[in-house]
Amino acid sequence: MEAHPQRKNRGAAKENTLFEWYDSMVFALAAIVLIFVFVVRIITVSGYSMEPTLLWGDRVAVQSMLYTPKRGDVVVMDGYINYGDPLVKRIIAVGGDTVDIDFSTGTVMLNGERLDEPYLTSLTKLSYDVVFPVVVPEGTVFVMGDNRPNSLDSRSSEVGFIDERDIMGKVLLRIFPFKRFGVIQ
């Protein structure tokens, strides 16, 4: 005796719907993986150098594709500099710019004009071994942390100018902790 034709069709339709759902999930997962590998990365901040903008343990989304370095951007650099961990700093100057710092007044000058830095809570009074003024070589950037008294950055020859090819991308937003979720300026 044959099965009822309607029951047979219901079983095939159920199987087909299940396959379509599975197919959609695989496609969505593949798209998410590609986005996180090539477009956006998640990085955990380690250190105090970007306070108050970013705190130790913050997780940030980083645009890693099609990024061109710009002054003022908070970026993540490959950890090729003795640390092993990616460095998170703010771009102060790009290739061809002149940076001068008056450590007695804490003033940072960019191309002869005082830099407006509303993200700072303390002035730039800590100097390292770099002698100012400096001209940033083409293809590199000059970076500093927002927590100037606690940031090892381009003011030190240990960090120096950062090759643009070593920039992993621009920090777009803080995704964790959720209570501080938001765009990074």
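Helices here are DSSP runs of H or I with at least four residues, strands are runs of E with at least two, and both are numbered from the N terminus. This is a predicted model, so local features need pLDDT of at least 70, side-chain atom pairs count only at pLDDT 80 or more, and totals for chains, interfaces and linings use all residues. Residues are numbered from 1 along each chain as its sequence is written, and side-chain values use heavy atoms, with hydrogens and water left out.

**Exercise 1. Work out which elements the chain has and in what order they run.**

Step 1: count them. You get one helix and twelve strands.

Step 2: walk from the N terminus. The run is α-β-β-β-β-β-β-β-β-β-β-β-β.

Step 3: add the burial. The chain has 185 residues, and 37% of them count as buried (under 20% relative accessible area with a 1.4 Å probe, protein chains only; over 50% is exposed, and in between is partly exposed).

**Exercise 2. Put strands 5, 6, 7 and 8 in their sheet order and find the edges.**

Step 1: use the pairing rule, which asks DSSP for at least two bridges between two strands.

Step 2: go through the pairs. Strand 5 (residues 98-102) meets strand 8 over two antiparallel bridges, with Thr-98 partnered by Val-135. Strand 5 also runs antiparallel to strand 6 (residues 107-110), joined by four bridges; here Asp-100 has Met-109 as its bridge partner. Strand 6 and strand 7 share two antiparallel bridges, and Leu-110 stands opposite Glu-113.

Step 3: string them together. The result is an open antiparallel sheet in the order 7-6-5-8. Strand 7 (113-114) and strand 8 (134-135) each have a single partner strand, so one side of each is left without a neighbour in the sheet.

**Exercise 3. Find the turn residues with positive phi in the two hairpins.**

Step 1: between strand 5 and strand 6 there are four residues, and Gly-106 in that turn has a positive phi of about 80 degrees.

Step 2: between strand 6 and strand 7 there are two residues, and Asn-111 in the turn comes in at a positive phi of about 55 degrees.

**Exercise 4. Is Tyr-22 buried or exposed, and which surface patch includes it?**

Step 1: place the residue. Tyr-22 sits in helix 1 (residues 5-39).

Step 2: check its accessibility. Tyr-22 counts as exposed because its relative accessibility is 52%.

Step 3: look at its company. Leu-18, Phe-19, Trp-21, Tyr-22, Met-25 and Val-26 make up a nonpolar surface patch with about 700 Å² of accessible area together.

Technical notes. Patch = residues over 30% accessible without salt bridge, like charges linked within 9 Å, V, L, I, M, F, W, Y side chains within 5 Å. Areas by Shrake-Rupley, 256 points an atom, 1.4 Å probe, with all protein chains shown as cover. Salt bridge = Lys/Arg side-chain N within 4 Å of Asp/Glu carboxyl O.
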